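Please open the model in your viewer and keep the sequence panel beside it. The tour below goes from one selection to the next and says what is to be found at each.

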Amino acid sequence: MTIAVLGLGGAGGNIANEAAKLGLQTAAINFSQRDLNAADAVKHKLKVPGSEGVGHDRELAITLMQEHYDMVVQFVQEHFGNHTVKVIAVPFATGGGSGAGMAPILMDVMMALLPDKVFIAIPVLPGTSEGAVSQMNCSATIAELLKLDVCVLPVDNSKVAGGKSRVYEETNNRVAGYLYDLMSFTEMESKNGNFDRTDLCTLFRQKGIAAIAEVELATLPKSIDLSPQGIAASIRASWDETIFAPIDFSIVRKAALIYDGQESILDHFDTGLIFEPFAAGNPLDLFEGFYHTSTGRVLTVLTGLTFPKDRFEQIDALIEESTSRAEVALDSEAAEYTPKTVNFDQRLRKVPVTATPARNVTDILSKYRR
Ligand SMILES: Nc1nc2c(ncn2[C@@H]2O[C@H](COP(=O)(O)OP(=O)(O)OP(=O)(O)O)[C@@H](O)[C@H]2O)c(=O)[nH]1
Ligand SMILES: [Mg+2]
């Protein structure tokens with residue numbers, strides 16, 4: 001099994017669960033036993049002691065992780081230390097506490113202890129309608145992750161339309177599906193060019209931001225242009241429609257271009273045209289795979305991309321906006337409440353001189369006895 005999935009926190013466990021259903025090797029770590037129970041297809045689970053969930057308190061997750069890191073490290077080594085595991089994908093939400101707190105420390109430690117493995121951090125960015133705490137957890141987590149020498153594949157909840165359940169279902173299934181597909185391609189054989197295990201590892205050993213995109217050439221409208229220009233345009237359009245953070249088109253270091261479809265259009269793939277949006281002279285290292293089991297699916301993986309500044313400026317703006325709103329609320333009279341009774345005619349409040357005796361709980365309860 002080349003790719004294993006280690007889910008951290010609730011969202012991470014959900015993604016690992018989808019991967020487990022596809023047959024990938026998986027494990028999950030959480031402070032919440034209930035979240036772990038929900039990931040019912042995941043075989044190996046670790047409940048870290050100290051708290052039942054951390055309720056978005058990322059600092060608490062970090063402290064507990066520091067206290068219990070021995071057991072966590074031992075768990076990961078036990079299940080993923082095996083030499084058949086080459087790539088460890090680590091999905092987790094950045095907006096919560098558990099996964100967001102655990103991920104940077106755990107990855108930092110595991111990368112030092114298992115230097116032969118390739119790690120992929122898969123942080124989930126909160127939707128733009130989520131609260132300031134989620135946005136703050138997100139920016140703090142990403143800042144820590146970027147300091148590590150690791151490939152970061154940020155899933156972006158704001159890229160999928162619809163309610164929470166639809167967003168989660170779509171993103172979780174796609175992430176698990178892509179990991180599964182990439183692994184499957186490395187196990188297939190083709191006379192026209194293989195995307196092998198070494199390619200997969202080299203691709204993801206690249207530090208920086210990553211994205212995965214797909215397009216089905218066969219399901220595009222009949223008028224689809226299968227000329228080199230047409231195919232390149234379809235692939236480039238798929239880069240704008242991923243479930244991952246928006247792509248910054250300054251630099252791409254490595255890429256995989258995997259085509260699974262009719263052999264006859266193979267010659268129409270012009271990589272110069274396809275990668276044109278990236279500034280000329282990019283030191284792109286391209287891995288290709290051409291298979292013929294499907295009707296025309298193109299999967300592209302881009303790694304070593306530059307940081308999606310605009311998306312994070314949006315997160316910073318959401319944090320600032322909510323911080324300034326909170327400050328206004330604290331400063332203004334709006335935060336004070338003036339009870340109407342203050343202006344009430346005080347004569348009406350005169351209490352009879354004979355005080356009523358204090359009532360005890362038993363008295364009150366006795367009123368309700370049947
Ligand atoms: N894509 C996706 N996002 C999710 C999913 N579940 C939760 N989220 C997102 O993740 C954030 C909440 O993170 P959780 O994973 O629930 O948090 P946690 O790591 O368990 O941490 P605590 O619950 O605070 O202990 C929310 O902001 C959502 O944006 C999921 O299954 N898929
Ligand atoms: Mg949780």
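The stops that follow take in two pockets and three pairs of packed helices, in a model that is predicted.

**First stop: the largest pocket**

Begin by selecting G10, A11, H56, A93 and G96, which are the closest to the centre of the largest pocket among the 32 residues that line it. The space you are looking into has a volume of about 600 Å³. To see which elements build the wall, colour α1 (9-21), α5 (98-113), β5 (118-125) and α7 (164-187), since these are the elements that give two or more residues to the lining. Of these, α1 supplies the largest share, with five residues. If you then colour the lining by residue class, you should find 11 nonpolar, 18 polar and three charged residues.

**Second stop: α1 against α7**

Keep α1 and α7 on screen, as both give residues to the lining of the largest pocket, and look at how they pack against each other. Their axes lie 8 Å apart and make an angle of about 50°. At that angle α1 is oblique to α7, because angles under 35 degrees would count as roughly parallel and those of 65 to 115 as roughly perpendicular. The crossing of these two helices is right-handed. Select N14, I15, E18 and A19 on α1, together with N172, N173, V175 and A176 on α7, to display the residues that make the contact. By class, this contact of α1 with α7 has four nonpolar, three polar and one charged residues.

**Third stop: α3 against α5**

Move next to α5, another contributor to the lining of the largest pocket, and add helix α3, which covers residues 58-67. Here the axes come within 7 Å and cross at roughly 45°, which makes α3 oblique to α5. As you rotate the view, note that α3 passes α5 in a right-handed crossing. On the α3 side, the residues to select are R58, A61, I62, M65 and Q66, and on the α5 side they are S98, A100, G101, M102, P104, I105 and L106. The contact of α3 with α5 comprises eight nonpolar, three polar and one charged residues.

**Fourth stop: α6 against α11**

Now select residues 132-146 for helix α6 and residues 309-331 for helix α11, whose axes are 9 Å apart and pack at an angle of about 135°. These two helices are therefore oblique to each other, and α6 passes α11 in a left-handed crossing. Show side chains for A132, Q135, M136, C138, S139 and I142 of α6, and for F312, I315, D316, L318, I319 and S322 of α11, which between them make the contact. Sorted by class, the residues of the contact of α6 with α11 are eight nonpolar, three polar and one charged.

**Last stop: the second largest pocket**

Finish by selecting G127, T128, S129, E130, N157, S158, V160, G162, G163, K164, V167 and Y168, the residues that line the second largest pocket. About 170 Å³ of space lies within this pocket. Which classes of residue make up the lining of the second largest pocket? Colouring by class should show three nonpolar, seven polar and two charged residues.

Note on methods
Residues numbered from 1 in each chain as written. Chains lettered and ligands numbered in written order. Predicted model: local features only at pLDDT ≥ 70, side-chain atom pairs only at ≥ 80, totals over all residues. Heavy atoms only, no water. Axes fitted to C-alpha atoms, helices over the stretch in contact; angles between N-to-C directions. Helix = DSSP H or I, 4+ residues; strand = E, 2+ residues; numbered from the N terminus. Parallel < 35°, antiparallel > 145°, perpendicular 65-115°, else oblique. Left-handed = near helix turned anticlockwise from the far one by under 90°. Contact = heavy atoms within 4.5 Å. Nonpolar A, V, L, I, M, F, W, Y, C, P; charged D, E, K, R; others polar. 1 Å grid on protein atoms, 1.4 Å probe; cavity = no way out; pocket = protein on both sides within 12 Å on 5 of 7 lines; lining within 4 Å. Points joined across faces, edges and corners; volume = space filled by probe spheres on them.
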